[in-house]
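Dear colleague,

I am handing over a structure that will be new to you, together with a short account of what was found in it. Please look through it first, and then read the notes below alongside it.

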Amino acid sequence: MKNQWKLLEKVIKAPRILLYGKPGTGKTYSAMKLGMRKDRYRSSITLTPETTATDLLGHYILEGNNGMKWNDGIAIKSWKLGGRLVINEIDHAGQDVSSILHALLDDVEFAELTLPNEDKEIVKPAKGFQCIATMNGEPEDLSEALRDRFPIKLNINEIHPNAIGSLDHKIASVMHDLKETNSSIRSFMELDRLINKDGVALDDACWAVFGHDENFAETVIESFAIVDSDTSHLDSDN
């Protein structure tokens, strides 16, 4: 099987990509960062059953004493600016949102929407608009119509090496040792922040992050001790 991360790097400019697989592998991080220029507009939304179509399309807001003003939703803003829209947990979309997603994710050549504002504004995606969706399940969890909107579907089941490389070297070593267990890049990034930015003691940080699974928390602490021991041996040899 081809390395999915290297494959993603090659197809990252495709208009619509679905990243699926186990949580904590850096799907969202990569969707927001990979292949992005600093000046390009990007936005993200995490769907829940309570997310509404107005979150994507827009709604009116009160503007002081000037009455109501239309405010574009996150998806329409991405459409207009030709940016990258990242939709997390797309499999959690309710029926209301799913119907809008079908239109938002149509081929850019003929995609079109009429906004529910006073002007009945007709909008089309600008050149460069792109959507990357993520989910922790399988593509089959989506409706056939929504699944078909994503010609590229990549199963991301390993943490991106660049994400691990951004960690403190000792934390990265521990994470590498535990890659076949209950490890998540989010958890280890938080561990890195607690220890190296907030100055929290190693044991306290490990229990704060992994304490919901006592056996794993102890395994992480033991792994740090092993890494420290190996580092000491290397220093002695040198």
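To start with the backbone, E89 sits in the loop that runs between strand 5 (84-88) and helix 5 (95-104), and its phi is near 55°, a positive value in a residue other than glycine. Please keep in mind throughout that this is a predicted model.

K120 is another residue to look at, since it has a positive phi of about 50° although it is not a glycine. The place of K120 is in the loop between strand 6 (113-114) and strand 7 (122-123). Because exposed means over 50% relative accessible area, K120 counts as exposed at 52% relative accessibility.

On the surface, Y60, L62 and M68 make a nonpolar patch of about 330 Å². Of these residues, M68 belongs to strand 4 (residues 68-72), and with a relative accessibility of 51% M68 counts as exposed.

Finally, there is the second largest pocket, which holds about 280 Å³ of space. This pocket is lined by 17 residues, of which G26, K27, T28, Y29 and R186 are the closest to its centre. Helix 2 (27-33), strand 8 (130-135) and helix 9 (185-196) are the elements that give two or more residues to the lining of the second largest pocket. Sorted by class, that lining has 6 nonpolar, 8 polar and 3 charged residues.

With best wishes

Terms used:
Residues numbered from 1 in each chain as written. Predicted model: local features only at pLDDT ≥ 70, side-chain atom pairs only at ≥ 80, totals over all residues. Heavy atoms only, no water. 1 Å grid on protein atoms, 1.4 Å probe; cavity = no way out; pocket = protein on both sides within 12 Å on 5 of 7 lines; lining within 4 Å. Points joined across faces, edges and corners; volume = space filled by probe spheres on them. Helix = DSSP H or I, 4+ residues; strand = E, 2+ residues; numbered from the N terminus. Nonpolar A, V, L, I, M, F, W, Y, C, P; charged D, E, K, R; others polar. Patch = residues over 30% accessible without salt bridge, like charges linked within 9 Å, V, L, I, M, F, W, Y side chains within 5 Å. Areas by Shrake-Rupley, 256 points an atom, 1.4 Å probe, with all protein chains shown as cover. Salt bridge = Lys/Arg side-chain N within 4 Å of Asp/Glu carboxyl O. Buried < 20%, exposed > 50% of the residue type's maximum accessible area, 1.4 Å probe, protein only.
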